[in-house]
Amino acid sequence: EGKELPELKESLNTIRTAASELITAIDEKVQALINEKEEPRETREEKLDQLAEKLDQFAYELDPYGYQD
C-alpha cells in the first residue's frame, strides 16, 4: 500500500502535465483560427477603401467618354 501512493501521485502528475499541454495547444490553435477569421474592422475598412480607390482609378483610366466625377 505504501508503494502505491507515490506511484499514484506520479501518475496523477503525468496526467496533469499532459492535460495542461493539451489544453494549451488547443487554446493556441483556437486563437490562431479566430485571428485568421476575424480581421480588425479597421483593416477590412481600409482594404475596402483601397479597393474602391483602385476601381475609381481603373474606371477613370479606361473611360472612353472622358467621364469626370
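**Surface patches on a two-helix chain**

In the predicted model, 0% of the 69 residues of the protein chain count as buried (under 20% relative accessible area, 1.4 Å probe, protein chains only). The accessible surface of the chain comes to about 7000 Å² (Shrake-Rupley method, 1.4 Å probe). Carbon and sulfur atoms hold 55% of that surface. The secondary structure consists of two helices and zero strands (DSSP runs: H or I of at least four residues for helices, E of at least two for strands).

L22, I26, V30 and I34 make a nonpolar surface patch of about 340 Å². Patch residues have over 30% relative accessible area and no salt bridge (Lys or Arg side-chain nitrogen within 4 Å of an Asp or Glu carboxyl oxygen). Nonpolar side chains are joined within 5 Å, like charges within 9 Å. I26 belongs to helix 1, residues 4–37. I26 is partly exposed (between 20% and 50%), at 46% relative accessible area.

A surface patch of negative charge gathers E42, E46, D49, E53 and D56. Asp and Glu count as negative, placed at CG and CD respectively. E46 lies in helix 2, residues 41–62, and is partly exposed at 46%.

Residues are numbered from 1 along each chain as its sequence is written. Local features need pLDDT of at least 70 and side-chain atom pairs 80 or more, while totals for chains, interfaces and linings use all residues; side-chain values use heavy atoms, without hydrogens and water.
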